[in-house]
Amino acid sequence: MKNKIITKEEAAELIRDDSTICTVGMTLISASESVLSSIEKRFLETESPKNLTLVHAAGQSDRNRGIQHLAHPGLVKRIIGSHWGLAPRWMAMISDNQVEAYCLPQGQMVHLYSDMAAGLQGRISPVGLNTFIDPRIEGGKMNSCTKEDIVELMQIKDQEYLFYPAIPLDTLIIRGTAADSKGNLTTDEEAMKLEVLPAVLAAKRFGGRVIAQVKYLVEDGSLDPKSVVVPGSFIDNIVLCDDPETDHRQTSSWYYDPAYCGKIRVSTQQGTSKTPLDIRKLIGRRAVELISPGAIINLGTGIPNDVIGQIVKEKNMTDNVTITVESGIYGGIQAGGVDFGIGRNLSAMISHQEQMLYYNGAGVDITYMGAGELDKDGNVNATRLGSQCTGAGGFIDITQNAKHVVFCSTFTAKGLKVEVGNGKLSIVQEGQVKKMVNTVNQISYSGNLAIEKNQKMHFVTERAVFEMTEQGLMLIEIAPGIDLEKDILNLMDFKPLISENLKLMDQSLFTQ
C-alpha cells in the first residue's frame with residue numbers, strides 16, 4: 001500500500017495548471033489552511049499552478065484566510081461559488097474583472113455534488129428562478145468578463161426549472177480531525193459536519209484526487225468506524241498540519257472549544273443579562289413578534305444571527321421555537337460574525353447537505369434574512385451591494401422555499417443614527433443611501449414569485465414594516481415619533497400601497 005502521508009508543499013505541487021479544484025468549508029470552519037497557503041506560496045514563487053477553476057459551495061474566509069489565499073490574478077481564472085462577503089480580495093477581483101465569476105445558490109451546489117457523485121449530468125431544480133441566477137436575468141454571472149452561460153432554463157411537464165451542470169473536479173481539498181495511515185477520516189473536533197462525503201464522491205466520479213488536511217495521525221484500526229466520515233479508500237493524500245493553532249483552528253476566533261463540536265455543554269448562567277436597546281435590537285424585537293409557537297426558524301447573517309436568538313432567549317421563547325442555521329445546527333447559542341454557522345449546547349447537528357434538503361423541500365417555517373435594497377415589486381437585493389459582490393450563500397435556497405420570509409434591515413444606510421427610548425423613535429441623522437429603490441441592483445428574492453406562491457413576506461425596519469400582499473408591497477406599520485411623509489415616503493423612490501389600517505408599532509418595542 002502506498003504511503004498517503006505527504007507534506008503541505010508536496011500537496012501544493014500536485015495541483016496542475018488549468019485544473020479544477022474544489023474546497024470544502026464555511027467561514028473559516030474546516031478550512032485547509034496548510035494546503036491553501038502552500039498553493040499560494042508556490043504560485044507567488046513560481047507562477048504555478050495557474051489558470052485554475054475554483055469551486056466552493058459556501059463562503060470560506062474570515063477576511064484574511066481560507067480561499068483568500070487563492071485570490072491572485074493568474075492563479076484562478078474562474079470561480080464558481082456562493083458567497084464572498086468575508087473575502088474582500090475576491091470581491092475586489094470580481095468587481096475589477098480579474099476573474100470570471102459565477103454565483104450559484106449554496107444549497108444547489110452541495111446537492112450538485114451528490115448528483116455528480118451519482119453519475120448524473122447535473123442538477124434540475126426550481127431554486128433560482130426569477131432571481132439573478134435565472135439565465136433570463138443574469139445567469140449567475142457576477143461581472144462583465146464572465147460570458148458563458150452555465151445555468152440553463154428547462155421545462156418539464158409545463159413547469160420551469162433550472163439546470164445546474166456537473167463540474168468535473170480534478171482535486172478536492174478537505175479537512176478532518178484525525179486520520180490513520182490508510183486515510184480513514186474523522187471530523188470529531190470540527191464545528192460543522194458540512195458536505196465532506198458528497199464532495200469526495202463527486203471528485204471520485206471524475207477520477208479526481210482527494211487531499212485531506214488533519215490535526216492528528218492515529219494508529220490503524222483505532223478509529224470508531226461510526227466516527228469515520230470518509231473511508232480511507234477515497235482519500236489519496238493526507239497532510240498532517242504542522243502548526244494547528246494557526247492552520248487548523250476550529251474557527252477564526254479560537255483554536256479549539258469543545259462546546260462547539262458537542263463534546264461538552266457549558267453553563268448558561270453567566271452572560272444572560274439583556275443587551276442594550278439599539279437600532280438592530282429594535283428591528284429584531286419587531287421581527288420576533290412574527291414568530292408563532294412551535295415554529296422552526298432559520299437565521300441568516302447580520303441582524304438575524306446577531307440579535308434574533310438573543311431576543312428569543314430574553315423573551316423565554318426557547319422552549320417554543322427551534323432555531324436553525326444553514327450549516328446544519330439546531331438550537332443552542334449561536335456564534336456570529338466571522339464565526340457564523342456554529343453554536344454551543346446544540347440539540348442537533350446534521351450535515352450541510354441534509355439541512356439544505358429540508359430548506360429546499362419542506363421549507364423552514366420562518367426565515368430571518370438581512371437585506372440591502374427593496375423595490376416597488378417587492379424584489380430584494382442582498383447579493384450585490386454597490387460594487388461589492390457578496391454573493392448569495394444560502395439566501396436563495398432558503399427564502400424561495402420558506403413559508404414566511406422576514407427581512408431585517410435599516411430603512412436607510414451609511415450614516416443613519418437614531419435614538420430609541422420613551423416609547424418612540426427619533427432620527428438623529430438620516431442615512432445617505434436609500435434602500436427603497438425603483439429597481440434593485442440585483443434580484444436576490446423575487447416579489448412576483450412570492451405572490452405567485454402565496455408566500456408570506458415582511459420587510460421590517462426601525463421605522464416601517466412592509467408586507468407583501470396580492471395587490472403588491474404594502475406599508476402596514478410605522479414607528480411612534482416618525483412622520484409618514486418626511487421620514488418614510490420622501491425617502492423612497494417609489495410609493496408603496498398604504499394599509500387602510502396603518503398602525504403604530506407597539507410602543508413597548510421602543511422601551512428598554
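**Exercise 1. Work out how helices α4 and α5 pack: how do their axes cross, and which residues meet?**

Step 1: get the geometry. The axes of α4 (residues 106–117) and α5 (residues 196–205) come within 7 Å and cross at roughly 40°. Helices here are DSSP runs of H or I with at least four residues, strands are E runs with at least two, and both are numbered from the N terminus. Axes are lines fitted to C-alpha atoms, for helices over the stretch in contact, with angles from 0 to 180 degrees between N-to-C directions.

Step 2: classify the angle. That makes α4 oblique to α5 (under 35 degrees is roughly parallel, over 145 roughly antiparallel, 65 to 115 roughly perpendicular, the rest oblique).

Step 3: find the hand. α4 passes α5 in a left-handed crossing, meaning that the near helix is turned anticlockwise from the far one by less than a right angle.

Step 4: list the contacts, with heavy atoms within 4.5 Å. From α4, Tyr-113, Ser-114, Met-116 and Ala-117 meet Pro-198, Ala-199, Leu-201, Ala-202 and Arg-205 of α5. By class, that contact has seven nonpolar, one polar and one charged residues (Ala, Val, Leu, Ile, Met, Phe, Trp, Tyr, Cys and Pro count as nonpolar, Asp, Glu, Lys and Arg as charged, the others, Gly among them, as polar).

A word on the input: this is a predicted model, where local features need pLDDT of at least 70 and side-chain atom pairs count only at pLDDT 80 or more, while totals for chains, interfaces and linings use all residues. Numbering starts from 1 along each chain as its sequence is written, and side-chain values use heavy atoms, leaving out hydrogens and water.

**Exercise 2. Check the backbone around α2: which peptide bond is cis, and where does Pro-49 sit?**

Step 1: look at omega. The bond from Ser-48 to Pro-49 is cis, with omega near 5°. Pro-49 belongs to the loop between α2 (33–46) and β3 (52–56).

Step 2: stay in that loop, which also holds Asn-51. Asn-51 isn't a glycine, yet has a positive phi of about 55°. Its relative accessible area is 29%, so Asn-51 is partly exposed (buried is under 20%, exposed over 50%, partly exposed in between, using a 1.4 Å probe and protein chains only).

Step 3: go to the loop between β2 (20–23) and α2, where you'll find Ser-30. Phi of Ser-30 is near 65°, again positive in a residue other than glycine. Ser-30 is buried, at a relative accessible area of 4%.

**Exercise 3. Place strand β27: is it mostly covered or open, and which strands pair with it?**

Step 1: check burial. Five of the five residues in β27 (residues 404–408) are buried. His-404, Val-406 and Cys-408 point one way, Val-405 and Phe-407 the other.

Step 2: find the partners; pairing takes at least two DSSP bridges. β22 (residues 366–370) pairs with β27 in the parallel sense over five bridges, and Ile-366 stands opposite His-404. β33 (residues 456–460) also runs parallel to β27, joined by five bridges, with Lys-456 opposite His-404.

**Exercise 4. Sort out the open sheet: what is its strand order, and which strands stand at the edges?**

Step 1: the four strands run β13-β10-β11-β14, with mixed pairing.

Step 2: β13 (216–218) and β14 (228–230) are the edges; each has a single partner strand, so one side of each lacks a neighbour in the sheet.

Step 3: β11 (residues 185–186) and β14 pair antiparallel over two bridges, where Leu-185 has Val-230 as its bridge partner.
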